[in-house]
Amino acid sequence: MERNQNIEKRILWVAERLFLEKGFNGTSTTEIAKVVGCNQALIHYYYRTKEKLFWDVFAPRMEQVVEYLDAPLDEDVDFIQRISNIVEFYFGILELDERLAPFIVNELVMNPSRWEMFRTRFLRSESRSRAFSRFSNMVAEEIEKGTICPVKPIDLLLDIMSLTLSTFIIAPKGFALSECDSNERKAYLSSRKEHIATLVIKGLKK
């Protein structure tokens, strides 16, 4: 039993690495099996299809990304600081693995069927709907108080997410490949993070 569990975990680990490095279409179950050191039939036995393996690999990561909407909503800070915290949180996730941002764009955003699956599983669930409702209410309250300009909550979130993702996609060559000085990389990301937060906040203020 323990050996079977170890093989399952190794399949997931290898699949994640190859999906991130080569993308879904560039990765075959044959290659995954070869790296794992098992036969291809075993992968199909555990996961049936490559698409199911894809979701088994990345569902935990996607859930983590979506859950980061909740964290800033629980902080006892004003709305403007909360926006800075949201930027900070999303940067934190993407900094952990800089292959993740290009992967999200290539495998989710640019793939309509997979994007719809993502929205159904993670954005339209009851818990996610509650989180977004909380955020929407906060935005509405700030608009009512006159502290920010009228803005659609979904547009505000998309602005933050797209600006954050773009940092890791169009960053100077070498950053994502860890070929630059770590201090230089850290300084660049810190500067971009502050710039994005300032840009979004300035756009909100009257």
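Helices here are DSSP runs of H or I with at least four residues, and they are numbered from the N terminus. With that convention, this predicted model reads along the sequence as α-α-α-α-α-α-α-α-α-α-α.

**Whole chain.** Start with a cartoon of the entire protein. The secondary structure amounts to 11 helices and zero strands. Switch the colouring to pLDDT: the protein averages 83, and 83% of the residues score at least 70.

**Helix H2.** Select residues 29-36. This is helix H2, whose mean pLDDT of 94 is the highest among the elements of the protein.

**Helix H5.** Move to residues 70-73. Helix H5 sits at the other end of the ranking, with the lowest mean pLDDT among the elements, 68. Where pLDDT is low, the predicted coordinates should not be read in detail.

**Surface and interior.** Turn on the accessible surface for the protein. Its area comes to about 11700 Å², and carbon and sulfur atoms contribute 52% of that. Then colour by relative accessibility: 40% of the 206 residues count as buried.

**Contacts.** Display contacts between residues with a separation of 6 or more. Pairs 24 or more positions apart make up 68% of these.

**Cysteines.** Select Cys38 next. Is Cys38 buried or exposed? Its relative accessibility is 18%, and because buried means under 20%, Cys38 counts as buried. Then select Cys149. Its relative accessibility is 24%, so Cys149 falls between the 20% and 50% cut-offs and counts as partly exposed. Finally, look for sulfur pairs: with a disulfide taken as two cysteine sulfur atoms within 2.5 Å, the count is zero.

Technical notes
Residues numbered from 1 in each chain as written. Predicted model: local features only at pLDDT ≥ 70, side-chain atom pairs only at ≥ 80, totals over all residues. Heavy atoms only, no water. pLDDT = per-residue confidence, 0-100. Helix = DSSP H or I, 4+ residues; strand = E, 2+ residues; numbered from the N terminus. Buried < 20%, exposed > 50% of the residue type's maximum accessible area, 1.4 Å probe, protein only. Contact = heavy atoms within 4.5 Å. Areas by Shrake-Rupley, 256 points an atom, 1.4 Å probe, with all protein chains shown as cover.
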